[in-house]
Amino acid sequence: MYVMHNSEYPLSCFALFENGPCLIADTNFDVLMVKLKGFFQNAKANKIETRGTRYQYCDFLVKVGTVTMGPSARGISVEVEYGPCVVASDCWNLLLEFLQSFLGSHNPGAPAVFGNRHDGVYGPADTMAQYMELFNKIRKQQQVPVAGIR
């Protein structure tokens, strides 16, 4: 189980289970997990987070952030939301066109979340599932050693 927070939903706490559901609770869920630490323990001590800037362009919301794991930067995240649409698969082509305008040919494929519920209403739990997917990919990356010139 992974416990996550999102600044867009400051009063919520998200608990994601591997290959399972996402529980949305209030912020007191963290306190409950501390009280249950005899039954649950941290699998990894590495805290991973993304921090960045939020931009609004017409109906689009763009969040660009640096993904850090511990003290080191590990990647960049770009989140794009089209406000008027709640069924993400209905506006995926529009999102791709918008992404092409500033990312060029580096467009992502359709998120795995679409495969689970192709015509479902997109919600905060889906966003957290996408962040979890990104964080897992970053955790699995091998850190490339940097050779120093002497």
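**Aromatic pairs, a buried lysine and a nonpolar surface patch**

With a relative accessibility of 14%, Phe98 counts as buried. The model discussed here is a predicted one, and Phe98 makes a convenient starting point for a short tour of its aromatic side chains.

The ring of Phe98 is paired with that of Tyr57 in a stacked arrangement, with 6.3 Å from centre to centre and 25° between the planes. Tyr57 belongs to strand E4, whereas Phe98 belongs to helix H2 (residues 92-103), so this pair ties together parts that lie 41 residues apart in sequence. The two partners sit in contrasting surroundings: Phe98 is buried at 14% relative accessibility, while Tyr57, at 54%, counts as exposed because the cut-off for that class is over 50%.

A further aromatic pair joins Phe60 and Tyr82, and here the geometry is tilted, with 4.9 Å between the centres and 40° between the planes. Phe60 is found in strand E5 and Tyr82 in strand E6 (residues 72-82), so parts that are 22 residues apart in sequence are tied together by this pair. Phe60 is buried, its relative accessible area being 10%. Tyr82, at 21% relative accessibility, counts as partly exposed, because the buried class is reserved for values under 20%.

These contacts can also be viewed together. The structure holds 6 aromatic pairs, and ring pairs link Tyr57, Phe60, Tyr82, Phe98 and Phe102 into a cluster.

Strand E5 (residues 60-69) also carries Lys63. Is this lysine buried or exposed? Lys63 counts as buried, since its relative accessibility is 14%. Leaving aside residues up to four places away in sequence, Lys63 touches Glu8, Thr53, Arg54, Ser77, Val78 and Glu79. Among these neighbours, Thr53 and Arg54 fall within strand E4 (48-57), and Ser77, Val78 and Glu79 fall within strand E6 (residues 72-82).

The surface offers a different picture. Met1, Val3, Phe17, Leu23, Phe39 and Phe40 form a nonpolar patch there, and together these residues have about 580 Å² of accessible area. One member of the patch, Phe39, is placed in the loop between helix H1 (29-35) and strand E4 (48-57). Phe39 counts as exposed, because its relative accessibility is 72% and the exposed class covers values over 50%. In this model, then, a phenylalanine such as Phe98 is buried, whereas Phe39 is exposed and contributes to the nonpolar surface patch.

Notes. Residues are numbered from 1 along each chain as its sequence is written. This is a predicted model: local features need pLDDT of at least 70, side-chain atom pairs count only at pLDDT 80 or more; totals for chains, interfaces and linings use all residues. Side-chain values use heavy atoms; hydrogens and water are left out. Patches are made of residues with over 30% relative accessible area and no salt bridge: like charges are joined within 9 Å, nonpolar side chains (Val, Leu, Ile, Met, Phe, Trp, Tyr) within 5 Å. Accessible areas come from the Shrake-Rupley method with a 1.4 Å probe; for residues, only the protein chains shown count as cover. A salt bridge is a side-chain nitrogen of Lys or Arg within 4 Å of a carboxyl oxygen of Asp or Glu. Helices (H or I, at least four residues) and strands (E, at least two) are DSSP runs, numbered from the N terminus. Buried means under 20% relative accessible area, exposed over 50%, partly exposed in between (1.4 Å probe, protein chains only). Contact means heavy atoms within 4.5 Å. Rings of Phe, Tyr and Trp (its six-membered ring) pair if their centres lie within 6.5 Å; planes under 30 degrees apart count as stacked, over 60 as edge-to-face and the rest as tilted.
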